[in-house]
Amino acid sequence: MSELNPRTTHYEFMGPPGAFAVTFGVPFLTFGLSLACSEASGGCPNSWWDIPPNLIKAVSSLDWWFSLFDLQAFVLYLAWYAFCVVSWAILPGAWVEGSLMRNGQKKLYKINAFSTLLLVLGITGGTLWSKGPAIFTVIYDRWIGLVTASVIMSFAQAFYVYAMSFQPGKLLALGGNSGNFIYDFYIGRELNPSVGSFDIKCFNELRPGLILWAIINFAMACEQYTRLGAVTDSMILINAFQFFYVADALYNEPSVLTTMDITTDGFGFMLAIGDLAWVPFIYSLQARYLAFHPVELGPVFTSLVLALNVTGYYIFRVANAEKDDFRNGRNPKNLTFMVTARGTKLLTSGWWGRSRHPNYLGDLLMSVAWSLTTGFSTPITYFYPVYFLVLLIHRQLRDDENCYKKYGADWEKYKALVPWRIIPYVY
Ligand code: NDP
């Protein structure tokens with residue numbers, strides 16, 4: 001096993017100090033953004049500089065400290081998580097093989113995330129029909145308690161998988177076996193922590209966080225409706241865009257099996273907090289803002305934002321489909337490719353001939369469209385595209401390094417053929 005699990009000698013994220021900073025920084029930022037842009041702090045500030053006074057105003061209230069741990073919100077969150085697990089277990093789904101691992105094996109994954117979404121849709125629709133929109137406003141009212149619950153769940157899972165990774169026979173992530181607790185806890189020590197056939201990483205990647213994000217957006221539309229007696233065009237747009245993004249990810253569940261998170265990264269605090277807290281509670285910032293700050297975009301601006309989102313989605317979907325088809329032995333467009341010494345082939349035409357991460361470009365365009373739905377009164381709702389740009393550039397650098405390790409000189413040849421990293425002719 002020690003040959004299969006070599007010591008990690010190269011640190012990412014600036015090593016243990018960086019891992020420590022992100023481990024505490026991400027929950028802090030999740031609470032910070034929830035608070036800084038909230039009715040409790042007087043709305044969403046007009047400039048980044050107004051965030052500190054807004055935060056101080058919010059946390060000076062004793063009520064806020066009491067709302068930090070909210071038993072009802074905690075139970076609600078646990079019930080949601082349990083619902084996702086039970087849905088995974090009982091809903092039918094094909095078992096699909098993942099990528100070949102270093103130990104020569106392939107893991108099997110149950111594909112039923114989209115069925116879980118359909119079940120959620122049915123339950124949500126039925127509840128809306130029978131009880132009306134007001135019942136969903138509990139999510140807006142108990143926001144901070146729900147954020148706390150997701151952060152606790154992330155820490156609990158990260159500690160659990162870290163402890164379990166020391167059991168004999170585990171396949172560790174190449175990047176998460178440094179021997180430094182803080183670093184390995186953050187990066188993820190074990191590659192695929194599982195309980196029986198239940199793969200914790202793959203499950204968290206798509207279900208409890210992504211579907212919750214769509215539910216939160218819908219709850220924000222309900223909140224707006226209970227206040228205005230109507231829903232604005234911007235709220236409809238953000239719900240439609242992000243629901244479509246979530247549904248697309250769940251519908252294409254097998255595609256996640258070839259992503260870096262599944263094939264390369266271990267499951268640790270980084271992915272746990274990202275999947276469980278950051279995605280649902282930060283990515284829904286635009287809808288939450290619109291719940292208390294309605295914006296009407298009008299037909300012209302709506303059409304422009306729609307066009308940007310559709311363009312981004314087209315690039316994102318076609319690029320991901322080209323790679324996914326190719327990795328699964330199909331090449332319906334007869335794209336050109338190069339064969340590497342490792343035996344794996346790399347596409348050199350189509351979207352993967354235009355840049356080395358065309359899918360990131362599509363994702364970025366969509367993120368800008370989402371923020372545009374909130375108008376221009378505050379820069380805070382533009383946090384997502386700014387953060388996402390930083391994340392994707394960092395991710396591209398990490399992937400480049402990993403691919404160089406995998407492909408060596410072939411990767412340099414590929415880079416010469418496809419010189420642009422994300423945006424053709426720009427970066
Ligand atoms: P990619 O889907 O881009 O996968 C990178 C891998 O693809 C490489 O490691 C390599 O692996 C393979 N590859 C690289 N070049 C080629 C080529 N020319 N031909 C064939 N295979 C190639 O990266 P991610 O896993 O980072 O992203 C997956 C999706 O998730 C993206 O659409 C991204 O935008 C999205 N994403 C969204 C986030 C969010 O928060 N919304 C966060 C992060 C990602 P190998 O050769 O070993 O197969």
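Here is a short chat about the predicted model shown above.

Modeller: Before you ask, residues count from 1 along each chain as its sequence is written. The model is predicted, so local features need pLDDT of at least 70 and side-chain atom pairs pLDDT 80 or more, while totals for chains, interfaces and linings use all residues.

Colleague: How far apart do the C-alpha centres of domain 1 and domain 2 lie?

Modeller: The bounds come from an automatic or database domain assignment. Domain 1 is 1-296 and domain 2 is 297-427. Their C-alpha centres are separated by 22 Å.

Colleague: Which element gives the largest share of the side of domain 1 that touches domain 2?

Modeller: Residues are in contact if their C-beta atoms, placed from the backbone, lie within 7 Å. That takes 28 residues from domain 1 and 27 from domain 2. Helices here are DSSP runs (H or I, at least four residues), and strands are too (E, at least two), numbered from the N terminus. H1 (15-36), H11 (233-251) and H14 (285-292) each give two or more residues to domain 1's side, and the largest share, eight residues, is from H11.

Colleague: Where does the ligand lie relative to domain 1 and domain 2?

Modeller: A residue is near the ligand if its C-beta atom, placed from the backbone, lies within 6 Å of it. The shell has 23 residues, with Thr-259, Met-260, Leu-347, Asn-359 and Asp-363 coming nearest. Both domains give residues to this shell, so the ligand lies between them.

Colleague: Which elements give two or more residues to that shell?

Modeller: One of them is a strand, S6 (345-347). The helices are H12 (260-263), H15 (298-327), H17 (358-372) and H18 (383-407).

Methods. Contact = placed C-beta atoms within 7 Å.
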